[in-house]
Amino acid sequence: MSKILIILSVLSIVLLGALELYVQSDAFATRIRPYVIGPLQAVLGPQAQIGWIRANFIPMYLEARDITIPDAHGKQAAAIRKIKVNISPLPLLFREVRLPSIEILEPRIQAERSRAGEVNLLTLIDQIRSNIARMQTEGQSQFKLLLRTVTVKKAQISFTDLASSVQLSVSDINILARINIAGESAKIAFNNSAVRLTAPAYPEVLGRVRAALGYDHGSLRVDSFELSTADADMTVSGSAGPFPDANLDIKLRVRSGPQTIGKFANFMKPLRKQKLPEPRMDVSATIRGKLSDPEISGTGKFNAIPFRDLLLQNASF
């Protein structure tokens, strides 16, 4: 009896090993490629390009690499180095697609606003939304989708305004999102991403940003949002929703010291011969009402803020 168990165990290991090697082979990748690329292009658009496809059996996952998505003018709007989708195999027997995690590596998003005011990314998002809606009306899947977490590593977002030549980039973005599809809710956190803002006639602004956000049935909750530079910071908290005409309850605070204020105050030069106190600014605001008709209230304190030949000292509102 023990010999039979040993033989069966050895055969099982050999079969699993052979299956694992086949699943990782180029032949299997070629076989499953249409089943992966078809749904992706149905959502992202037929112009989307997907490079290498790979699968693994133990643990079970699918990988797609070198994905590029063009905008309506054919320019690259987004690119992803790798997407890895981890799959739990047993729920498939009960018509459930359970994805413990999706890992997205090095996505690059390039948004651009034309001189006519058109933003390429908004057009692309509308196209993807219409594709998803069309797929839902064409037929309901017999499988139930369950997704837990989405991890984004080393992302980069850039925005260029061709009309004003303003450029904004956020790099080194790492995001952890916990998602409940059935409950239409999510918790999203990202921290310590690098921000760079450039504009003609203004000094370059460098900083770091981190945030913790929540989404629940069409409403956005900002648990914390902080943008900081050398001696200045902006914090935001509150909620907005449900959209499109959301109710607003947002608190905003901006504080700045002499280093940041001095960057923007080129007109400080006439007063530099005098010995001045360090300039400071502290502004707090509350935004309520509707998105279409917001109500803004707040307070502000300013000290030693120069403006040409004037000096704003100990001012408040």
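When I say strand today, I mean a DSSP run of E of at least two residues, and the strands are numbered from the N terminus. Helices are DSSP runs of H or I, with at least four residues, numbered in that way too. With that wording, P242 sits in the loop between β10, residues 232–241, and β11, residues 247–256. The peptide bond leading into P242 from G241 is cis, and its omega is near -5°. Please keep in mind that what you see above is a predicted model.

Let me step back to the whole chain. The protein has four helices and 16 strands. Its radius of gyration is 26 Å, while the globule rule gives 20 Å for 317 residues, so the protein is more spread out than a compact globule. Along the principal axes, the C-alpha atoms fill a box of roughly 95 × 50 × 40 Å. Of the 317 residues, 27% are buried. On the contact side, take the pairs with a separation of 6 or more: 45% of those contacts come from residues 24 or more positions apart.

Now the surface and the charges. The accessible surface is about 20,400 Å², and carbon and sulfur atoms account for 60% of that area. Counting side chains, there are 39 positive and 28 negative ones, and the centres of these two sets are 5 Å apart.

Next, helix α2. Where does α2 bend? The bend is at I32, by about 45°, in a helix that covers residues 26–44. A proline, P34, follows within four residues of that point. I32 is also on the list of buried residues of α2, together with F28, A29, V36, I37 and L44. After the helix comes G45, with a positive phi near 110°.

Back to cis peptide bonds. The bond from I58 to P59 is cis, with omega near -10°. P59 is in a loop, the one between β1, residues 53–56, and β2, residues 61–70.

Strand β2 brings me to backbone angles, since D66 is located in β2. D66 is not a glycine, yet its phi is positive, about 55°. D172 is likewise a residue other than glycine with a positive phi, near 55°. D172 belongs to strand β6, residues 166–180. Is D172 buried, exposed or partly exposed? Its relative accessibility is 39%, so D172 counts as partly exposed, given that buried means under 20% and exposed means over 50%.

The next aspartate is D249, in strand β11. D249 has a relative accessibility of 34% and therefore counts as partly exposed. Which residues does D249 touch, once those up to four places away in sequence are set aside? They are S237, G238, S239, I287 and R288. As for K290, which is 41 residues from D249 along the chain, the two C-alpha atoms are 9.1 Å apart.

Last stop, G183. This glycine is in the loop between β6 and β7, with β7 covering residues 185–199. Apart from neighbours within four places in sequence, G183 is in contact with D216 and H217. P91 is 92 residues from G183 along the chain, and their C-alpha atoms are separated by 19 Å.

To recap the backbone points: cis bonds lead into P59 and P242, and positive phi values turn up at G45, D66 and D172. That is my tour.

Methods: Residues numbered from 1 in each chain as written. Predicted model: local features only at pLDDT ≥ 70, side-chain atom pairs only at ≥ 80, totals over all residues. Heavy atoms only, no water. Rg over C-alpha atoms; globule rule 2.2 N^0.38 Å. Buried < 20%, exposed > 50% of the residue type's maximum accessible area, 1.4 Å probe, protein only. Contact = heavy atoms within 4.5 Å. Areas by Shrake-Rupley, 256 points an atom, 1.4 Å probe, with all protein chains shown as cover. Lys, Arg positive; Asp, Glu negative; His and termini not counted. Charge placed at Lys NZ, Arg CZ, Asp CG, Glu CD. Bend = angle between axes of the 7 residues up to and from the residue.
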